[in-house]
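Grab a coffee and work through these exercises with the structure open beside you. Try each task before you read its solution.

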Amino acid sequence: MNAWGVSAQSDELATISTQPGQAAFRVLSDACSRAALEVCLRSEPHLPGLTAAFRKRVVVVLGGQALGAFGSYQPEKWQLEATALDEIHINVGMFMFAHMDATARAEEILDTICHELAHLYARVVGLKDTSGRGNRYHNRTFARLATLLGLRVAKNDRSYIGHVTVGLSEVGRDRFGDLVAELESAIRLLPASGATGRAVALPSVSVTPLGLGEGEAGNASKYVSAQCKCRDQRGRPRTIRMARGWWLEDSVGCALCQHVFAESPPMWRTPTSTHPKRAR
């Protein structure tokens, strides 16, 4: 065995495992996985079969995108030998986390876990939990499952259709309070405040689904035309027009398609979720 053999690789792996950032990420990742399993176990009387489904087919993945959804559930995202595995994604990089206190961050993560477990259960038992073109909103079935998982559910006041989860219910806090505390103690790695996730006021935005008119071409230098990935029935992009002084790249997101608006010609970002974004 030469100097680049197994022992050298083991030493390198040991060094990586002791790096502060990597260690903090691993601690939080393990805490999220344990919390998800415990939510399943405690919800089993209300949602029989959820624990077995989670153990058999789910991978909990932590991500670090500054914008997008707080989380997502994506069926058959992974493959382990001959077994297809679903992904529950928790976006711990959301810039909003940097401005929350420790308890609020932990509750938001547990809320996300419960939210995505509702999608998992609906798929396992064959229930349709999203409706509308492109499954863009959560329906009454989802609302019922989310409530059973200890979440508060409200009507979506942004689109006036569908439902959103808005945190743990009183029942959820009683059932999962210790899990929130465990997550809170595990959160040491946080998104940097300020950088790419800055929110921008939008007083000068006007939505123009059909694109800009020909008469506005001469004012191109004053305005930014940006597109998300939405398309109407004729394939035309959803476009916004913003004064260039207000425009900040990667700062305006679409709640329907989960992409940020990109200045035309668009260069698409990787989608954050296959499900509608949870409004806050």
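**Exercise 1: two helices meet**

Helix 4 and helix 6 are oblique to each other. Keep in mind that this is a predicted model.

*Task.* Work out why helix 4 and helix 6 count as oblique, then describe their contact.

*Solution.*
- Step 1: get the geometry. The axes of helix 4 and helix 6 (residues 170-186) come within 9 Å and cross at roughly 120 degrees.
- Step 2: sort the angle. Angles of 65 to 115 degrees count as roughly perpendicular and those over 145 as roughly antiparallel; roughly 120 degrees fits neither, so the pair is oblique.
- Step 3: add the handedness. Helix 4 passes helix 6 in a right-handed crossing.
- Step 4: find who touches whom. Helix 4 brings residues including Ala-106, Ile-109, Leu-110 and Cys-114, and among those from helix 6 are Phe-176, Leu-179, Val-180 and Leu-183.
- Step 5: tally the classes. This contact has nine nonpolar, one polar and three charged residues.

**Exercise 2: another partner for helix 4**

*Task.* At what angle do helix 4 and helix 5 pack, and which residues make the contact?

*Solution.*
- Step 1: helix 5 covers residues 140-148, and its axis lies 9 Å from that of helix 4, at an angle of about 120 degrees.
- Step 2: that angle makes helix 4 oblique to helix 5.
- Step 3: this crossing is right-handed.
- Step 4: from helix 4 come His-115, Ala-118, His-119, Tyr-121 and Ala-122, while helix 5 supplies Phe-142, Leu-145 and Ala-146.
- Step 5: by class, that gives six nonpolar, two polar and no charged residues.

**Exercise 3: the sheet**

*Task.* In what order do the three strands sit in the sheet, and which helices touch them?

*Solution.*
- Step 1: the sheet is open, its order is 1-3-2, and the pairing is mixed.
- Step 2: check the edges. Strand 1 (58-63) and strand 2 (71-80) each pair on one side only.
- Step 3: look at the twist. Neighbouring strands are turned by 30 degrees against each other on average, ignoring direction.
- Step 4: zoom in on one pair. Strand 2 and strand 3 (residues 83-91) run antiparallel and share seven bridges. Tyr-73 sits opposite Ile-88, and Gln-74 has Glu-87 as its bridge partner.
- Step 5: follow the turn. Two residues separate the strands of this hairpin, and Glu-81 in the turn has a positive phi of about 55 degrees.
- Step 6: add the helices. Helix 2 (residues 20-43) packs on the sheet, touching strand 1 and strand 3. Helix 4 (residues 102-125) lies across strand 1, strand 2 and strand 3, at about 60 degrees to strand 2.

Notes: Residues numbered from 1 in each chain as written. Predicted model: local features only at pLDDT ≥ 70, side-chain atom pairs only at ≥ 80, totals over all residues. Heavy atoms only, no water. Pairing = 2+ DSSP bridges. Helix = DSSP H or I, 4+ residues; strand = E, 2+ residues; numbered from the N terminus. Axes fitted to C-alpha atoms, helices over the stretch in contact; angles between N-to-C directions. Contact = heavy atoms within 4.5 Å. Parallel < 35°, antiparallel > 145°, perpendicular 65-115°, else oblique. Left-handed = near helix turned anticlockwise from the far one by under 90°. Nonpolar A, V, L, I, M, F, W, Y, C, P; charged D, E, K, R; others polar.
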